[in-house]
Amino acid sequence: MTKIGTLYGLGVGPGDPELITVKAFRLLQQTPVIAYPKKRMGSKSYAHQIAEMYVQPAAGNKEMLGLVFPMTRDPEILEREWNNTVELVWERLSEGKDVAFVTEGDPMFYSTFIHMMRVMQEEHPEVPIVTVPGVSSFLGAASRFNLPLADGDEQIGIIPATEDKEGMRRAIESHDCVIFLKVAKVLPMIIGLLKEMNLVDKAAVATKVTSSEEMVWTDVRELERAELSYLTLMVVKKS
């Protein structure tokens, strides 16, 4: 009986290809199948770009498996497409091949891999799953801003930014430091809230942090009418 391959979730960092762990590098070298999120428009994700820097698929001993993930809220479409995607990975695992799924940041932090892991566990619970932590974007931003996120007894919140203004206010009030993820879609509201709270000078914004496309702003007033990338975060440090 063929031994089932292991599914690895590899965090490859926020964009800088040097922000990858030695363990992730070793597994990229050793694993015969590298799975990655594939964009429909043909452009490569950071995870795909980084993986390609460390593997040589042209040598013939490595398969690059692009996986398209559904961008919809329709539960029927989501279930169908996710099951199809997981089955593509299962085909390789059932042949005894290990599969490394590369993901930006960390595989256990707001990552596509989380759902991949859950569906695989439901459909094929016999598959061994191993995750390798990676550098998350908010840690890359702290380094870029040279800003300590928390020290001593300070409390930090990592909050997906939403249109719930009062919820966002409570998050700021309840923590010494708040990182707002995916903030681009509500940036004007968040900046207005910071002005109300006299904290607009305590905020900084980064887009595609640590990557070659990185952009940073330490005066967020400049962004009240800006349209920024989905991969944008804001750090608010009150002290």
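Arginine 169 and glutamate 166 sit three residues apart in helix α6 (residues 165-174), a spacing of about one turn of the helix. The two form a salt bridge, with 3.1 Å between the closest N and O atoms. They also belong to a network of salt bridges that links Lys165, Glu166, Arg169 and Glu196. The model is predicted, and the count of salt bridges in it comes to 13.

**Salt bridges**

- Within the α6 pair, arginine 169 is buried, at a relative accessible area of 17%, whereas glutamate 166 is partly exposed at 41%.
- Arginine 169 counts as buried because its 17% falls under the 20% limit for that class.
- Glutamate 63 forms a salt bridge with arginine 92, and their closest N and O atoms are 2.7 Å apart.
- That pair links distant parts of the chain: glutamate 63 belongs to strand β3 (residues 63-67) and arginine 92 to helix α3 (residues 75-94), with the two positions 29 residues apart in the numbering.
- Glutamate 63 is partly exposed, with a relative accessible area of 26%, while arginine 92 is buried at 15%.
- Lysine 208 forms a salt bridge with glutamate 213, where the closest N and O atoms are 2.9 Å apart.
- Lysine 208 is partly exposed at a relative accessible area of 22%, and glutamate 213 is partly exposed at 41%.
- Lysine 208 is not classed as buried, because its 22% is not under 20%.

**Negative surface patch**

- Asp74, Glu76, Glu79, Glu122 and Glu123 form a negative surface patch.
- The elements that contribute two or more residues to this patch are α3 and α4 (112-123).
- Aspartate 74, one of the patch residues, lies in the loop between β3 and α3.
- The relative accessible area of aspartate 74 is 33%, which makes this residue partly exposed.
- Aspartate 74 can be part of a patch because its 33% is over the 30% required, and because patch residues have no salt bridge.

**Strand β1 and its neighbours**

- Strand β1 (residues 7-11) is mostly covered, with five of its five residues buried.
- Both faces of β1 are covered: Leu7, Gly9 and Gly11 are buried on one side, and Tyr8 and Leu10 are buried on the other.
- β1 pairs with strand β4 (residues 99-103) in the parallel sense, over five bridges.
- In the pairing with β4, glycine 9 stands opposite phenylalanine 101.
- β1 also runs parallel to strand β5 (residues 129-132), and four bridges join the two.
- Valine 130 in β5 is the bridge partner of tyrosine 8.

**Positive phi angles outside glycine**

- Asparagine 146 has a phi near 55°, a positive value in a residue other than glycine.
- Asparagine 146 is found in the loop between α5 (137-145) and β6 (156-160).
- Asparagine 146 is exposed, with a relative accessible area of 70%.
- The exposed label applies to asparagine 146 because its 70% is over the 50% limit.
- Threonine 210 is not a glycine either, and has a positive phi of about 75°.
- Threonine 210 is placed in the loop between β8 (203-207) and β9 (215-217).

**Contacts between parts far apart in sequence**

- Lysine 23 and proline 133 are 110 residues apart along the chain, and their C-alpha atoms are separated by 9.3 Å.
- Lysine 23 lies in helix α1 (residues 22-30) and is partly exposed, with a relative accessible area of 43%.
- Glutamate 126 and isoleucine 4 are 122 residues apart in sequence, with 8.0 Å from C-alpha to C-alpha.
- Glutamate 126 is found in the loop between α4 and β5 and counts as partly exposed at 42% relative accessibility.

Definitions and conventions:
Residues are numbered from 1 along each chain as its sequence is written. This is a predicted model: local features need pLDDT of at least 70, side-chain atom pairs count only at pLDDT 80 or more; totals for chains, interfaces and linings use all residues. Side-chain values use heavy atoms; hydrogens and water are left out. A salt bridge is a side-chain nitrogen of Lys or Arg within 4 Å of a carboxyl oxygen of Asp or Glu. Buried means under 20% relative accessible area, exposed over 50%, partly exposed in between (1.4 Å probe, protein chains only). Patches are made of residues with over 30% relative accessible area and no salt bridge: like charges are joined within 9 Å, nonpolar side chains (Val, Leu, Ile, Met, Phe, Trp, Tyr) within 5 Å. Accessible areas come from the Shrake-Rupley method with a 1.4 Å probe; for residues, only the protein chains shown count as cover. Lys and Arg count as positive and Asp and Glu as negative; His and the chain ends are not counted. The place of a charge is taken as NZ of Lys, CZ of Arg, CG of Asp or CD of Glu. Two strands pair if DSSP finds at least two bridges between them.
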